[in-house]
Amino acid sequence: MSFGVTLLGTGTPAPDPNRAGASYLFRVGDFRFMIDCGPGALLRLGQAGANAAEIDHLFITHFHLDHWADLGPFLVRRWIGGNRTPLNLLGPAGLQNLVDNILVLHRQDIDYRRKIRTEPVEPPKIYVTEIEEGFVFEHQGLTVAPFDVTHYPIEQPFGYRVEAAGHKIVLSGDTCPNENLIQNAQNADVLIHECVEYGVWTATDIRSDHMQYAHTPPEELGRIAAKAQARLCVTTHMLSASVPANLHQQIRRHFAGPIAIGQDLLTL
Ligand SMILES: [Zn+2]
Ligand SMILES: [Zn+2]
């Protein structure tokens, strides 16, 4: 059974033509699902040769907008594309509130679109499941399990452990260096981990004590990948100003294994 992932977006909230907001398309045989749906995800999904109508399951890591901003457009596009089954959306506590607000935001547009159908059409529906560490989604040998990470000041940020066909892909979500992630990522075939280089961060009004509790710089990522004994370390969530060769060099200080600096549409 084939098992793989396409990085749909490897950027941050800052608009970057080369890096869309966070989003990942997983394929297990014929089954497809996504984790996160950041700005630009819908466009990248098309570029990856997929479309929203074939996705019935979407997981969210946390509620920073760079991880969910395309959720409304995704939902409407999926519905226009002919998928009238409810979307199964899973994520931390607070997800129902986010979805309620998104549906209000899109109600007018959805009503316009319902008016022009030849047959009566129900508005799009979402089944929300608020999950926590310990929950495991299972589907034909695939498991998707959230685990707690640390991303100040978010209350319940998740990484996800995805296992199928005897392989393990771990996605960090947004996090500072985190022991629980290292445990979950032990011997991962692929560790897709955020990588925010403090030195090129240009925001001046952010509290200086925030970064170390929110994000992971490349040198620390090298330590994490080494402790987890990851078979491949893939970076994501990178600032526009970060130079891939520099990131690679800093990760290499502590990690001897294969490193891939993530790019949008990279497929593993
Ligand atoms: Zn975040
Ligand atoms: Zn983020």
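The following exercises, each with a worked solution, concern the metal sites, cysteines and internal space of a predicted model.

**Exercise 1.** Determine which protein atoms coordinate the zinc ion (ligand 1), and classify the arrangement of its donors.

*Solution.* Begin with the donors, which are His 62 (NE2), His 64 (ND1), His 151 (NE2) and Asp 174 (OD), lying 2.1 to 2.3 Å from the ion. Along the chain these donors follow the spacing H-x1-H-x86-H-x22-D. Next, consider the angles: the 4 donor atoms subtend 89 to 165 degrees, and the arrangement is therefore irregular; a tetrahedral assignment would require all angles to lie between 85 and 135 degrees. Finally, consider accessibility, where His 62 counts as buried at 1% relative accessibility, whereas His 64, with a relative accessible area of 29%, is partly exposed.

**Exercise 2.** Describe the site of the zinc ion (ligand 2), and establish which residue it shares with the zinc ion (ligand 1).

*Solution.* The zinc ion (ligand 2) is coordinated at 2.1 Å by Asp 66 (OD), His 67 (NE2), Asp 174 (OD) and His 237 (NE2). The angles among these 4 donor atoms run from 89 to 175 degrees, and the site is irregular. The two zinc ions are 3.3 Å apart, and the residue that coordinates both is Asp 174. Asp 174 lies in the loop between strand S10 (167-171) and helix H4 (179-184), while His 237 lies in the loop between strand S12 (233-236) and helix H6 (244-252), so this pair ties together parts that are 63 residues apart in sequence. Asp 174 and His 237 are both buried.

**Exercise 3.** Find how many disulfides the model contains, and explain why Cys 176 forms no bond with Cys 195.

*Solution.* The cut-off for a disulfide is a pair of cysteine sulfur atoms within 2.5 Å, and by this rule the count is 0. For Cys 176, the closest cysteine sulfur is that of Cys 195, and because the separation is 14 Å, the two are too far apart for a bond. Cys 233 is likewise in no disulfide, the nearest cysteine sulfur, again that of Cys 195, being 7.8 Å away. As for accessibility, Cys 176 is buried with a relative accessible area of 6%, and Cys 233 is buried with 0%.

**Exercise 4.** Characterise the largest cavity by its volume and its lining.

*Solution.* The structure holds 1 cavity of 30 Å³ or more, and the volume of the largest cavity is about 30 Å³. Its lining residues include His 67, Asp 174 and His 237, which are also among the donors of the zinc ion (ligand 2). By class, the lining comprises 3 nonpolar, 5 polar and 2 charged residues.

Notes:
Residues numbered from 1 in each chain as written. Chains lettered and ligands numbered in written order. Predicted model: local features only at pLDDT ≥ 70, side-chain atom pairs only at ≥ 80, totals over all residues. Heavy atoms only, no water. Donors = N, O, S within 2.8 Å, 3.2 Å for Na, K, Ca; no water. Tetrahedral: all angles 85-135°; square planar, octahedral: opposite > 155°, others 65-115°. Buried < 20%, exposed > 50% of the residue type's maximum accessible area, 1.4 Å probe, protein only. 1 Å grid on protein atoms, 1.4 Å probe; cavity = no way out; pocket = protein on both sides within 12 Å on 5 of 7 lines; lining within 4 Å. Points joined across faces, edges and corners; volume = space filled by probe spheres on them. Nonpolar A, V, L, I, M, F, W, Y, C, P; charged D, E, K, R; others polar. Helix = DSSP H or I, 4+ residues; strand = E, 2+ residues; numbered from the N terminus.
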